[in-house]
Amino acid sequence: MIVVTGATGQLGRLVIAALLKTVPAGQVVAAVRSPEKAGDLAALGVQVRRADYTDAASLDAAFQGAEKVLLISSNEIGQRLPQHRAVIDAAKRADVKLLAYTSVLRADTSTLGLAAEHEQTEQAIKASGLPATILRNGWYTENYTAGVPNAVAQGAIYGSAGDGRIASAARSDYADAAATVLTGSGHAGKVYELAGDSAYTLTELAAEAARQSGKAVIYRNVPEADYKAALIGFGLPETIAALLSDSDTAASQGALFDDGRQLSSLIGHPTTSLAASVAAVLGKH
Ligand SMILES: NC(=O)c1ccc[n+]([C@@H]2O[C@H](COP(=O)([O-])OP(=O)(O)OC[C@H]3O[C@@H](n4cnc5c(N)ncnc54)[C@H](OP(=O)(O)O)[C@@H]3O)[C@@H](O)[C@H]2O)c1
């Protein structure tokens, strides 16, 4: 039995889809905070079980019979360490044969503000003694391409990443990596630094958006505080705006760059190109 937590999230749904390419649905558990949001997953034939990171009893019930568990990191910034600890403790009680965790690129040395909770979670997994695989996911290309339609309308992409090169990959690439680890062997004890095959600057992202849309789109680099204020102006919650603007500043210093190509090597195919990701949001695929 393979259990995926956070299965109603964007990455979680893609991991379930990737697993179902090779695993019978009856051996897959979608562990979710809100089962009422998982009707489409139940329709695929997977077992839907309630698993709230803040409710240890729900985690024990969800992990019954689990051989492998994928802990998809919580999106509740600031609450993640206790939530993840609860999942690790439940996985330990369930005596799972593999715990995989979605961390962040170079969690132990990263300058990203959001890396601290990931690094602490990795330490907690190590201390648990469970056989584990750490999937240190780089940036999702969607973090940037989600804003492209708006940028095309406005003629500009805003950010604080300067000339920093970003080796992002699509969520589906990271989902394939998780499915590969959950269905294969020999991954226990491994730490994978996962990122896209090629990297781009936000100026290059703007150029790609211009090329595909036929409209003028430029990149405007702004100070981190101005970028954060702009994101709040676009309706993002303060915590997310702070996280994204901090990450952009770190990106300007190389925090989102990597050229190890461990992701494509793990999944056995090239990562999704920037052009394809831009085309996906501009309806050109
Ligand atoms: N690498 C990157 O660029 C990047 C970017 C953003 C986030 N991330 C990290 O990667 C994770 C997955 O990304 P995503 O795009 O799938 O994010 P997402 O769509 O926001 O999904 C997050 C999932 O966490 C679940 N969750 C939150 N609190 C929970 C709790 N108390 N108990 C059980 N489940 C809980 C959510 O449940 P509900 O469905 O019920 O809300 C959701 O399914 C994020 O949570 C975040 O840690 C990485």
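**Notebook: ligand shell, sheet and two loop residues**

I began with the ligand and looked up its surroundings: 23 residues lie around it, and Thr-8, Leu-11, Arg-33, Tyr-53 and Ser-73 come nearest, where a residue counts as near if one of its heavy atoms lies within 4 Å. I note that this is a predicted model, in which local features need pLDDT of at least 70 and side-chain atom pairs count only at pLDDT 80 or more, while totals for chains, interfaces and linings use all residues. Residues are numbered from 1 along each chain as its sequence is written, and side-chain values use heavy atoms, with hydrogens and water left out.

**Ligand contacts**

I then looked up polar contacts, meaning pairs of N or O atoms within 3.5 Å. A polar side-chain atom of Lys-37 is 3.2 Å from a ligand oxygen, an N or O atom in the side chain of Arg-171 is 2.8 Å from a ligand oxygen, and for Tyr-140 a polar backbone atom lies 2.9 Å from a ligand oxygen. On its own the ligand has 890 Å² of accessible area, of which the protein covers 86% (Shrake-Rupley method, 1.4 Å probe). Helices α1 and α4 (80-93) are the elements that give two or more residues to the shell; helices here are DSSP runs of H or I with at least four residues, and strands are runs of E with at least two. By class I recorded 6 nonpolar, 11 polar and 6 charged residues in the shell, with Asp, Glu, Lys and Arg counted as charged, Ala, Val, Leu, Ile, Met, Phe, Trp, Tyr, Cys and Pro as nonpolar, and the others, Gly among them, as polar.

**Sheet**

I next traced the open sheet, in which 7 strands pair in parallel in the order β3-β2-β1-β4-β5-β6-β8 (pairing requires at least two DSSP bridges). Its edge strands, β3 (47-50) and β8 (191-194), each pair on one side only, and the twist averages 20° from one strand to the next. Strand β6 (residues 132-137) is joined to β8 by 4 bridges, and Arg-136 has Glu-193 as its bridge partner in β8. Helix α1 (residues 10-19) packs on this sheet and touches β1, β2, β4, β5 and β6 (contact means heavy atoms within 4.5 Å); its direction makes about 160° with that of β1, on axes fitted to C-alpha atoms, for helices over the stretch in contact, with angles running from 0 to 180 degrees between N-to-C directions.

**Backbone angles**

Which residues other than glycine have a positive phi? I noted Asp-95, with phi near 55°, in the loop between α4 and β5, and Arg-106, with phi near 45°, in the loop between β5 and α5 (115-128).

Technical notes: Polar contact = N/O pair within 3.5 Å; in protein donor to acceptor, adjacent residues only side chain to side chain.
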